[in-house]
Structures are given as C-alpha cells and as structure tokens.
Amino acid sequence: MLANMMTVATLIGVDSTPIEGFQKETVGKLLSGKGFINLDEYRVSFMAAFGYRAGEPKRAKTRQAVDDVVDWIE
C-alpha cells in the first residue's frame, strides 16, 4: 500500500519518503487523541511524508546506460 501511494504521488509530481524508527504507540496515542484514528479498530503501521520541493536539485540526475548495469544471460 505504501509503495502504491508513493508511486502515485510521483506520477502527479509530489515527492515522498517513508519514515522509519518512529514510536508506534506514541504516534497512535497522538492520532487517537486528536480523533484521527480509533485504536480499538486500527493501528499505525507506517509513516510517510509527502510534499513539494522547495527548489530544484542542485545537481542534475544522471542514469547509467542499461548496457553498463545489466548483463543479459541467454
């Protein structure tokens, strides 16, 4: 599910990144306290950040040629 959300975000021009190392119980309590989640039915399983870039990257993206990174085995 997270991968699909991140892929679709990219397709519509929104950057995203998964967030690791968060405290699930603390986040669950925070969201529950604000009425965003019912902990009797749901739990927090992952987090991700979505947004727009403040500016373009300082360096151009580069890709290697397919033949430089793929060996075709027949």
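Buried means under 20% relative accessible area, exposed over 50%, and partly exposed in between (1.4 Å probe, protein chains only). The model is predicted: local features need pLDDT of at least 70, side-chain atom pairs count only at pLDDT 80 or more, and totals for chains, interfaces and linings use all residues. Residues are numbered from 1 along each chain as its sequence is written, and side-chain values use heavy atoms, with hydrogens and water left out.

**Exercise 1. Describe the fold and the overall dimensions of the protein.**

Step 1. Take the secondary structure. There are 3 helices and 2 strands (DSSP runs: helices H or I of at least four residues, strands E of at least two, numbered from the N terminus). Their order along the sequence is α-β-α-β-α.

Step 2. Take the radius of gyration, computed over C-alpha atoms. The protein has 19 Å, where a compact globule of 74 residues would have a value near 11 Å. The globule rule is 2.2 Å times the number of residues to the power 0.38.

Step 3. Take the spans. The C-alpha trace covers about 55 × 40 × 25 Å along its principal axes.

Step 4. Add burial. Of the 74 residues, 11% count as buried.

**Exercise 2. Find the salt bridge and place its two residues.**

Step 1. Apply the criterion: a side-chain nitrogen of Lys or Arg within 4 Å of a carboxyl oxygen of Asp or Glu. The whole structure yields 1 salt bridge.

Step 2. Identify the pair. Asp 15 bonds with Arg 53, and their closest N and O atoms are 2.6 Å apart.

Step 3. Locate both ends. Asp 15 sits in strand E1 (residues 15-19), while Arg 53 is in the loop between strand E2 (47-51) and helix H3 (66-69). The pair links distant parts of the chain, 38 residues apart.

Step 4. Check exposure. Asp 15 is partly exposed, because its relative accessibility is 31%. Arg 53 is also partly exposed, at 40%.

**Exercise 3. Characterise Ser 16 by its element, exposure and contacts.**

Step 1. Ser 16 belongs to strand E1.

Step 2. Its relative accessible area is 23%, so Ser 16 is partly exposed.

Step 3. Contact means heavy atoms within 4.5 Å. Beyond neighbours within four places in sequence, Ser 16 touches Met 6, Ala 49 and Phe 50.

Step 4. Compare a distance. The C-alpha atoms of Ser 16 and Arg 59 are 19 Å apart, with their positions 43 residues apart along the chain.
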